[in-house]
Amino acid sequence: MDKYECPCGYIYDPKEGDTDNNVDPGTAFADLPEDWLCPICGLGKEHFYKH
């Protein structure tokens, strides 16, 4: 699964998920909820790019 990076530098790694925001490890970026936001700066998924 691909990692995706936010312009702020946060990298979403599907292997790790985002457990602080109820996203289980193994969750692909495409499967993140539409309202999921970068845990660092609050930008939406549409601002991320493949790392």
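In this predicted model, the count of aromatic pairs, that is, of rings of Phe, Tyr and Trp whose centres lie within 6.5 Å, comes to eight. One of these pairs is formed by Tyr4 and Phe29, whose ring centres are 4.2 Å apart and whose planes make an angle of 15 degrees, an arrangement that counts as stacked. The pair links distant parts of the chain, since Tyr4 belongs to strand S1, which covers residues 4–5, while Phe29 sits 25 residues away in the loop between strand S2 (11–12) and strand S3 (49–50). Both partners, Tyr4 and Phe29, are buried.

Phe29 also takes part in a pair with Phe48, and here the centres are 5.5 Å apart and the planes stand at 40 degrees, so this pair is described as tilted. Although Phe29 and Phe48 both lie in the loop between S2 and S3, they are 19 residues apart, and their pair too links distant parts of the chain. Phe48 is buried, as is Phe29. Taking a wider view, the reader can find one aromatic cluster made up of Tyr4, Tyr10, Tyr12, Phe29, Trp36 and Phe48. Phe29 has a further neighbour in Lys45, which lies over the face of the Phe29 ring, at 5.5 Å from the ring centre.

The strands come next. The protein chain has three strands and zero helices, and its elements, followed from the N terminus on, run β-β-β. The three strands form an open sheet in the order S2-S1-S3, with antiparallel pairing. S2 and S3 stand at the edges of this sheet and have a single partner strand each, so one side of each is left without a neighbour in the sheet. Between S1 and S2, which run antiparallel, there are two bridges, and the bridge partner in S2 of Glu5 is Ile11.

Which cysteine sulfur is closest to that of Cys38, and why is there no bond between the two? The closest one belongs to Cys8, and at 3.7 Å it is too far for a bond, because a disulfide requires the two sulfur atoms to lie within 2.5 Å. Cys41 is likewise in no disulfide, with the nearest cysteine sulfur, that of Cys6, 3.6 Å away. For the model, the count of disulfides comes to zero. As for their surroundings, Cys38 has a relative accessible area of 4% and is buried, because buried means under 20%, whereas Cys41, at 40% relative accessibility, counts as partly exposed.

Finally, the chain can be considered as a whole. For a chain of 51 residues, a compact globule would have a radius of gyration near 10 Å, and the 9 Å found for this protein chain agrees with that. Taken along the principal axes, the C-alpha atoms fill a box of roughly 20 × 20 × 15 Å. Of the 51 residues, 37% count as buried, with Tyr4 and Phe29, as well as Phe48 and Cys38, among the buried residues. Among contacts between residues at least 6 apart in sequence, 42% join residues at least 24 apart, and the stacked pair described at the start, Tyr4 and Phe29, brings together residues that are 25 apart.

Note on methods: Residues are numbered from 1 along each chain as its sequence is written. This is a predicted model: local features need pLDDT of at least 70, side-chain atom pairs count only at pLDDT 80 or more; totals for chains, interfaces and linings use all residues. Side-chain values use heavy atoms; hydrogens and water are left out. Rings of Phe, Tyr and Trp (its six-membered ring) pair if their centres lie within 6.5 Å; planes under 30 degrees apart count as stacked, over 60 as edge-to-face and the rest as tilted. Helices (H or I, at least four residues) and strands (E, at least two) are DSSP runs, numbered from the N terminus. Buried means under 20% relative accessible area, exposed over 50%, partly exposed in between (1.4 Å probe, protein chains only). A charge sits over a ring if NZ of Lys or CZ of Arg is within 6 Å of the ring centre and within 35 degrees of the ring normal. Two strands pair if DSSP finds at least two bridges between them. The radius of gyration is taken over C-alpha atoms; the globule rule is 2.2 Å times the number of residues to the power 0.38. Contact means heavy atoms within 4.5 Å.
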